[in-house]
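Please look over the sequence and the model shown here before reading on. The paragraphs that follow lead from the open spaces of the structure to one of its helices and then to single residues.

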Amino acid sequence: MKTWSRILDSELGEKARAAYDDNPVRCYHNWAHIQRVYWHAQNTYALPYDRDLDLAILTHDVIYDALPGKEERSAQWLFDHADGDVTVANEHIHKTINHAPSADNRMVLLDLADFTDPACAAPNLDRIAAESMALYDVTLPQFLQANIAVMTGLGNRIKDGLGDVSASDQAAFQKILDGITRSITLAETRLSDVVG
């Protein structure tokens, strides 16, 4: 299958893939996630090619561990490994810190695009649960409680920022909000099942 990216087969792409594949506990923020984001760039949003966005997609989760500042460290990784100016690519990466709507929402929409597909809800929750429990040494109920809080906060940030975006971005974010609601409901159901 043809990919939207033009850098996956480059030296940078190979280094990034090695970093994603380096830690087996990365069940969600791994190479498959990057491939899905590229798929959404090509198929869900049909975005015209943009090298800065390509760089950001490739490296936005290249650092994913239990320490804070993952996005900043991923941006630094790109700065340390890429040739040329990566300022705009790093701006895209930094938008994944809080995923709030802004003037350019491409990276945020891409990173959250799996929420638009109901079939992704349960498998993604399972992957993120396994990853979080391994990285942060938390139980499933602890993860689910935290996930509900994080998803609620994300939904609120998106709702608060919708007044300042284009009509097309509002429609795209609404589909994501629907998916966030679906994800919260799923996590609440699983929490209820686990704790009785």
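Helix α8 contributes 10 residues to the lining of the largest pocket, and no other element gives more. The model is a predicted one, and in it this pocket holds about 920 Å³ of space. A total of 38 residues line the largest pocket, and those closest to its centre are H29, Y64, I128, V150 and M151. Two or more lining residues come from each of α4, α6, α7, α8 and α9 (167–195). Sorted by class, the lining comprises 18 nonpolar, 11 polar and 9 charged residues.

The second largest pocket holds about 180 Å³ of space. Its lining consists of I7, S10, E11, L12, K15, R51, L55, H81, A82 and D83. Here the elements that supply two or more residues are α1 and α3, and α1 gives the most, with 3 residues. In this lining, 4 residues are nonpolar, 2 are polar and 4 are charged.

Helix α4, one of the contributors to the largest pocket, may be considered next. This helix covers residues 70–81, 12 residues in number, and spans 16 Å from its first C-alpha to its last, close to the 16 Å expected at 1.5 Å a residue. Which residues of α4 are buried? They are K70, E71, S74, A75, W77 and L78. Viewed down the axis of α4, these buried residues lie within an arc of 155 degrees, and therefore they line one face of the helix. The general geometry of helices is relevant to such a pattern. With 3.6 residues a turn, residues of an α-helix that are three or four places apart point the same way. On the other side of α4, F79 and D80 are exposed. The cover over the buried residues of α4 includes α1 (11–21), α3 (51–59), α5 (87–94) and α7 (121–136). Of these elements, α1 and α3 also appear in the lining of the second largest pocket, while α7 appears in that of the largest.

Attention may now return to α8, which runs over residues 140–161 and includes N147. Is N147 buried or exposed? Its relative accessible area is 8%, so N147 counts as buried, the limit for that term being under 20%. Apart from neighbours within four places in sequence, the residues in contact with N147 are L125, S183 and A187. L125 falls within the range of α7 (121–136), and S183 and A187 fall within that of α9 (167–195).

Two loop residues complete this account. Most residues other than glycine have a negative phi. H99, however, has a positive phi of about 55 degrees although it is not a glycine. H99 is placed in the loop between α5 and α6 (106–112). With a relative accessible area of 12%, H99 is buried. D137 likewise has a positive phi, near 55 degrees, and is a residue other than glycine. The place of D137 is the loop between α7 and α8. How accessible is D137, and what does D137 count as? Its relative accessibility is 70%, so D137 counts as exposed, a term that applies over 50%. Thus H99 is a buried residue, whereas D137 is an exposed one.

Terms used: Residues are numbered from 1 along each chain as its sequence is written. This is a predicted model: local features need pLDDT of at least 70, side-chain atom pairs count only at pLDDT 80 or more; totals for chains, interfaces and linings use all residues. Side-chain values use heavy atoms; hydrogens and water are left out. Helices (H or I, at least four residues) and strands (E, at least two) are DSSP runs, numbered from the N terminus. The expected span of a helix is 1.5 Å times one less than its number of residues. Buried means under 20% relative accessible area, exposed over 50%, partly exposed in between (1.4 Å probe, protein chains only). The arc is that of the directions from the helix axis to the C-beta atoms. Contact means heavy atoms within 4.5 Å. On a 1 Å grid over the protein atoms alone, a cavity is a set of points where a 1.4 Å probe fits but cannot get out, and a pocket is an open set with protein on both sides within 12 Å along at least five of seven lines; lining residues have an atom within 4 Å of a point. Grid points are joined across faces, edges and corners, and a volume is the space filled by probe spheres set on the points. Ala, Val, Leu, Ile, Met, Phe, Trp, Tyr, Cys and Pro count as nonpolar, Asp, Glu, Lys and Arg as charged, and the others, Gly among them, as polar.
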